[in-house]
Amino acid sequence: MQPLVSIIIPTYNRKNWVVKAIDSALSQTYTKIEVIVIDDGSTDGSYEYLQKLYGQKIILQKIRQSGVSKARNTALDLAKGEWISFLDSDDFFHTDKIAKQISSLQENPHYKIAHSEEIWYKNGVRINPKKQHKKMGGDLFAQSVKLCSISISTVILKKEILVELGNFDENLPACEDYELWLRITAKYQILFNAEYLTTKFGGHIDQLSKKYQAMDRFRIYALKKLLVNTQLNIEQKTLVKDSLKKKLQIFLNGAKKHGNLHEYEAFKTEYKDFLH
């Protein structure tokens, strides 16, 4: 019996982009799916447009604008699937994405989360990922501490992982996926499919990486949270502490250089125990 897969798509003012994402989810060769779209307070008529276009083909809900973490968590509360697959509104799935991942997971039942290769476009031009972004499987904790090692639109995971470890942190307006992967990779091995199953688009002016300056502020928060709230082994703790100290020094140097003295003093005080 094939398990139900819940595909979760958050969107905000991307009426034209999100249609391609939704269509790619509905066009999967794996048919036992539900597509949940959360409109995070759009003002461009997205909700009405999608309601008219798709009707009962998708589960559509509009919430007060609260950020991508709240949008995904709202969808997770609605999700009935044993497996969860995330899709950003500016990306799309290849038609056999879910089928191939479910097949791989059924062949390797000790894994509860998988990701795959993806094709990257930036400003309409296909780009090759840098060496540091090379995807792999197995123990990804060390890699996940350094950077966001898993692209969210490539992931499929068992919902029970989120029940156990918690959903997205709604205190984070960005890097929420980085924080979640830290918690997951600290405990779980990751299955990797080397096929290109997702296409990712970047470069838009509304991307979170362009909205917020000094994104390391959110990674610093995530690393501290991990140290305080998660049971780590000695090697994991050392990795996290070293990375936290390094990111703090870079952030503080940047804040001082740009004259953000209030922020400099606030971070120096809050994280003083991790600077030595």
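## A walk through the model

Start with Asn 193, which counts as buried because its relative accessibility is 12%, under the 20% cut-off used for that word. Keep in mind as you go that this is a predicted model.

**Stop 1: around Asn 193.** Select Asn 193 and you will find yourself in strand β9. Which residues does Asn 193 touch, leaving aside its neighbours within four places in sequence? Show Lys 100, Ser 104, His 115, Ser 116 and Glu 117, and you have those contacts on screen.

**Stop 2: the partners of β9.** Now colour the whole of strand β9, residues 191–202. Add strand β6, residues 113–122, which runs parallel to β9 and is joined to it by 9 bridges. Then add strand β5, residues 92–93, which pairs with β9 in the antiparallel sense over 2 bridges. Zoom in on Thr 198 of β9: Glu 118 has Thr 198 as its bridge partner, and Phe 93 stands opposite Thr 198 as well.

**Stop 3: Asp 90.** Next, pick Asp 90, in the loop between β4 and β5. Is Asp 90 buried or exposed? With a relative accessibility of 5%, Asp 90 counts as buried. Now select Lys 200 too and draw a distance between the two C-alpha atoms: they are separated by 7.1 Å, although Asp 90 and Lys 200 are 110 residues apart along the chain.

**Stop 4: aromatic rings.** How many aromatic pairs does the structure hold? There are 7 of them. Begin with Phe 86 and Phe 168, whose ring centres are 5.3 Å apart and whose planes meet at 80 degrees, so this pair is edge-to-face. Phe 86 belongs to strand β4 (residues 83–86), while Phe 168 is in the loop between α6 (159–165) and α7 (176–185), so the pair ties together parts that are 82 residues apart in sequence. Both Phe 86 and Phe 168 are buried.

For a tilted pair, go to Tyr 271 and Phe 274, where the centres are 6.4 Å apart and the angle between the planes is 55 degrees. Tyr 271 and Phe 274 are buried too. To see a group of rings, select Trp 17, Phe 92, Tyr 121 and Phe 201, which form one aromatic cluster.

**Stop 5: charges over rings.** Go back to Phe 168 and show Arg 72: the charged end of Arg 72 sits over the ring of Phe 168, 4.9 Å from its centre. Another example is Lys 15, which lies over the face of Tyr 49 at 5.4 Å from the ring centre.

**Stop 6: helix α7.** Select helix α7, where 10 of the 10 residues are buried. Among them are Tyr 178, Trp 181 and Leu 182, along with charged-looking names to click on, including Glu 176, Asp 177 and Arg 183.

**Stop 7: a pocket.** Finish at the second largest pocket, which has a volume of about 200 Å³. Its lining includes Ala 142, Val 145, Lys 146, Asp 216, Leu 239 and Asp 242. Also on the list are Ser 243, Lys 246, Lys 247 and Ile 250. Two elements give two or more residues to this lining, α5 (141–146) and α10 (234–257). Which of the elements gives the most to the lining of this pocket? Colour α10 to see the answer: α10 provides 6 residues.

Technical notes:
Residues are numbered from 1 along each chain as its sequence is written. This is a predicted model: local features need pLDDT of at least 70, side-chain atom pairs count only at pLDDT 80 or more; totals for chains, interfaces and linings use all residues. Side-chain values use heavy atoms; hydrogens and water are left out. Two strands pair if DSSP finds at least two bridges between them. Helices (H or I, at least four residues) and strands (E, at least two) are DSSP runs, numbered from the N terminus. Buried means under 20% relative accessible area, exposed over 50%, partly exposed in between (1.4 Å probe, protein chains only). Contact means heavy atoms within 4.5 Å. Rings of Phe, Tyr and Trp (its six-membered ring) pair if their centres lie within 6.5 Å; planes under 30 degrees apart count as stacked, over 60 as edge-to-face and the rest as tilted. A charge sits over a ring if NZ of Lys or CZ of Arg is within 6 Å of the ring centre and within 35 degrees of the ring normal. On a 1 Å grid over the protein atoms alone, a cavity is a set of points where a 1.4 Å probe fits but cannot get out, and a pocket is an open set with protein on both sides within 12 Å along at least five of seven lines; lining residues have an atom within 4 Å of a point. Grid points are joined across faces, edges and corners, and a volume is the space filled by probe spheres set on the points.
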